[in-house]
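These are my notebook entries on one structure, written down in the order in which I looked things up.

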Amino acid sequence: MKAKGFAHLGAVILLMLVQPASRASTIDELLITEVMADPAAVSDGFGEWFELYNPGDSIIDLDGLILHDDGSNQYHFDGPLPIAPGEYFVLARNGDPSSNGGIFVDHVYSNFTLANSSDEIIFSDGAGERLRLDYFSGFAVAGQSRELDGLLSNNYSLTLATLTYGIGDIGTPGVPGSTQLSLSTVPLPAAGWLFISAVISLLGLDYRSQKRDSSPAGSLV
């Protein structure tokens with residue numbers, strides 16, 4: 001397990017101790033905050049990704065959910081995959097920063113692609129759809145992601161052209177975007193954050209700054 005994985009694990013363990021984990025039935029509380037459907041620095045097969053954000057105060061686990069579109073694309077999440085409160089979570093087709101355009105990925109999916117014309121990102125469980133994004137012609141712009149432009153909005157704006165990642169595409173994978181979303185969470189008790197800080201300090205890293213300062217020097221998956 002790489003360094004970012006250790007820090008994330010320490011934070012998630014603490015959160016699980018101080019609050020109950022939300023199960024897949026609360027997936028609808030997540031936000032799809034950013035989508036890169038048409039990377040330009042690398043091919044779509046290597047560089048597509050999208051981002052989730054947990055604005056709540058409980059861990060949300062993707063275990064048991066299905067990622068799919070209205071067509072034949074379908075991917076099953078099998079095993080614990082917690083998203084902590086306030087966490088940006090990047091899912092992608094390729095987890096290797098040396099070939100995916102230079103992003104650090106939290107989870108790699110398969111059998112799911114993002115069309116450049118129109119498509120859907122849907123999360124479902126046994127009870128039906130829990131989270132859905134439909135996009136249409138003009139949404140995907142080569143080399144530039146789209147970001148949710150407000151907490152209660154269904155509108156997605158192009159990421160500012162000055163915000164590049166990796167080897168040159170425009171986007172903010174894994175960190176707050178250029179639209180300055182009003183995203184908030186209920187904070188943990190101070191002791192909890194002190195414990196997280198201690199874990200991260202002992203490991204000598206800050207995984208969020210690693211995402212922000214990413215380079216194609218190895219995968220953190």
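**Entry 1: Q144 and its surroundings**

I began with a polar contact: the side chain of Q144 reaches the backbone oxygen of T159 at 2.7 Å. I note at the outset that the model is a predicted one.

I then asked where Q144 is found. Q144 is in the loop between strand 10 (128-135) and strand 11.

Is Q144 buried or exposed? I recorded a relative accessibility of 17% for Q144, which therefore counts as buried, the cut-off being under 20%.

I also listed what Q144 touches, leaving out residues up to four places away in sequence: M36, L158, T159, A161 and I170. T159 thus appears both in this list and as the partner in the polar contact.

**Entry 2: Strand 11 and the open sheet**

From the loop I moved on to strand 11, which covers residues 146-148. Strand 11 and strand 12 run antiparallel and are joined by three bridges. Within this pairing, R146 stands opposite L158 in strand 12. L158 is also one of the residues that Q144 touches.

R146 has a further neighbour that I noted: R146 lies over the face of F139, 5.6 Å from the ring centre.

I next asked in what order the strands of the sheet lie. The sheet is open, has six strands with mixed pairing, and follows the order 8-7-2-1-11-12. Its edge strands are strand 8 (107-108) and strand 12 (156-158), each of which pairs on one side only.

**Entry 3: The hairpin of strands 9 and 10**

I looked up how many bridges strand 9 and strand 10 share. Strand 9, residues 119-125, pairs with strand 10 in the antiparallel sense over seven bridges. The two strands form a hairpin, with two residues between them. D119 of this pairing stands opposite Y135 in strand 10.

**Entry 4: Aromatic pairs**

I asked how many aromatic pairs the structure holds, and the count is ten. One of them is W49 with Y165, an edge-to-face pair at 5.9 Å centre to centre, with 80° between the planes. This pair links distant parts of the chain, as W49 belongs to strand 2 (residues 49-53) and Y165 to strand 13 (residues 164-165), 116 residues apart. I recorded W49 as buried, because its relative accessible area is 0%. Y165 counts as buried too, at 7% relative accessibility.

Which ring does Y53 pair with? Y53 and Y88 form a tilted pair, 4.5 Å centre to centre and with 40° between the planes. Here too the pair links distant parts of the chain: Y53 lies in strand 2 and Y88 in strand 7 (residues 88-92), 35 residues apart. Y53 has a relative accessibility of 5% and so counts as buried; Y88, at 7%, is likewise buried.

I also noted a cluster linked by ring pairs, made up of F50, Y75, F77, Y109, F112 and F123.

**Entry 5: Confidence**

Last, I looked up the confidence of the prediction. The protein chain has an average pLDDT of 79, and 68% of the residues score at least 70. Residues 9-25 have a pLDDT below 50; this stretch has 35 contacts in the model beyond near neighbours in sequence. Residues 214-221 also stay under 50, and the model gives them 21 contacts beyond four places in sequence. I have marked both stretches, 9-25 and 214-221, by their pLDDT in my notes.

Conventions
Residues are numbered from 1 along each chain as its sequence is written. Side-chain values use heavy atoms; hydrogens and water are left out. Two strands pair if DSSP finds at least two bridges between them. Helices (H or I, at least four residues) and strands (E, at least two) are DSSP runs, numbered from the N terminus. pLDDT is the predictor's confidence in each residue, from 0 to 100. Contact means heavy atoms within 4.5 Å. Buried means under 20% relative accessible area, exposed over 50%, partly exposed in between (1.4 Å probe, protein chains only). A polar contact is a pair of N or O atoms within 3.5 Å; within protein, one must be able to donate a hydrogen and the other to accept it, and residues adjacent in sequence count only if both atoms are side-chain atoms. Rings of Phe, Tyr and Trp (its six-membered ring) pair if their centres lie within 6.5 Å; planes under 30 degrees apart count as stacked, over 60 as edge-to-face and the rest as tilted. A charge sits over a ring if NZ of Lys or CZ of Arg is within 6 Å of the ring centre and within 35 degrees of the ring normal.
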